[in-house]
Amino acid sequence: MQDFLTLKRSIEKILSIQCSNYKEDYIKRRILSRMRITGKENYGDYNSCLITSPEEQEALRNALTINVTKFWRDKDVFDMVKKDVLPEIIKRKQRIRIWSAGCATGEEPYTLAIIVYDLTRLKPDVQVTIFASDIDREAIRKAKEGIYDKRSLENLTESQIRRHFTLLDDGKYQVKQHLKDLIRFSIHDLMSGKAATNFLDVILCRNVTIYFTEEQKDELARVFHPALLRDGYYILGKTEFMGRKVEELYVPYNALQKIYQKKS
Ligand SMILES: C[S@@+](CC[C@H](N)C(=O)[O-])C[C@H]1O[C@@H](n2cnc3c(N)ncnc32)[C@H](O)[C@@H]1O
């Protein structure tokens, strides 16, 4: 027990990750998985390894903030963003700001950029900025680079791939500049108590808070509320829930797709 507490203190100090904001079970499972991989039999040995090895620090950070993601993850949600949410906003304003919070390696913001590109191609007066952030520096580096293998593009049509990606010599695909120009990537910790930006029309924070404690999830919904403009949308992951204590801040727009609107 004492060794586990010492290890948690090292994680907080070295990785600047606040363990108390994550479910304890989750932290333990991730650490045990790294202990198996590194052949360490107890928390004490793993702690020594963590303190001395920058590679293991990076590996544990990645394990704690797993960034599994996909283009068009949950098709019906993004279809609704394309058919209803964004057209409704475009009808009433010309400067639109969207935040993909916890964007991992970029598939989510690039999906949004494809949607935005299609919706605004013939509307030169409409200007959309997509802010995309993650705590994981390496994920943001990959997102900025925008290089994916063919398998990652399986949810995109051939014509979307042709229009928005360049085929590289090694068989991978790179996002074209016209999509990159729509996105501003940054490093941001969602547990910092501050939004990465404000005056937002839409915040997507999907499949990020599943490992957060209930208090931390509620806190995030409270941080997002003032960052959203009137009637702004807050989109959660399909398996995530709006906490009881914060549900008075939002009204369901489509409860099934976990799309909410700010209550003024
Ligand atoms: C499973 S991915 C979700 C990616 C994308 N939103 C999606 O739905 O496909 C979760 C991401 O949340 C990020 N994350 C975890 N804790 C975070 C925190 N405190 N602040 C910012 N990002 C965080 C991870 O680094 C990871 O990239």
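These legends walk through several views of a predicted model.

**Figure 1. The whole chain.** Let's start with the overall picture: the protein chain contains 10 helices and 10 strands. Its C-alpha trace spans about 60 × 50 × 25 Å along the principal axes. A compact globule of 264 residues would have a radius of gyration near 18 Å, so the 20 Å of the protein chain agrees with that.

**Figure 2. Two domains and where they touch.** Here the protein chain is split into domain 1, covering 2-64, and domain 2, covering 75-262. If you go from the C-alpha centre of domain 1 to that of domain 2, you cover 30 Å. How many residues of each domain are in contact with the other? The count is 7 residues from domain 1 and 6 residues from domain 2. On the domain 1 side of this contact you'll find 2 nonpolar, 3 polar and 2 charged residues.

**Figure 3. Around the ligand.** Zooming in on the ligand, we see 21 residues surrounding it. Which ones are closest? They are Thr-65, Asn-67, Thr-69, Gly-102 and Ala-104. Sorted by class, the shell around the ligand is a mix of 9 nonpolar, 6 polar and 6 charged residues.

**Figure 4. Helix H2 and the residue after it.** Helix H2 takes in residues 24-38, which makes 15 residues. From first C-alpha to last, H2 reaches 21 Å, close to the 21 Å expected at 1.5 Å a residue. Just past the end of H2 comes Gly-39, and its phi is positive, near 70°.

**Figure 5. A sheet of 3 strands.** This open sheet has its strands in the order S3-S5-S4, with antiparallel pairing. Strand S3 (147-148) and strand S4 (165-167) are at the edges with a single partner strand each, so each has one side without a neighbour in the sheet. As a reminder, strands of a sheet pair through backbone hydrogen bonds, either parallel or antiparallel.

**Figure 6. A closer look at S4 and S5.** S4 and strand S5 (residues 173-175) run antiparallel and are joined by 3 bridges. To pick out one pair, look for Leu-167: its bridge partner in S5 is Tyr-173.

Note on methods:
Residues are numbered from 1 along each chain as its sequence is written. This is a predicted model: local features need pLDDT of at least 70, side-chain atom pairs count only at pLDDT 80 or more; totals for chains, interfaces and linings use all residues. Domain bounds come from an automatic or database domain assignment. Two residues are in contact if their C-beta atoms, placed from the backbone, lie within 7 Å. Ala, Val, Leu, Ile, Met, Phe, Trp, Tyr, Cys and Pro count as nonpolar, Asp, Glu, Lys and Arg as charged, and the others, Gly among them, as polar. A residue is near a molecule or strand if its C-beta atom, placed from the backbone, lies within 6 Å of it. Helices (H or I, at least four residues) and strands (E, at least two) are DSSP runs, numbered from the N terminus. The expected span of a helix is 1.5 Å times one less than its number of residues. Two strands pair if DSSP finds at least two bridges between them. The radius of gyration is taken over C-alpha atoms; the globule rule is 2.2 Å times the number of residues to the power 0.38.
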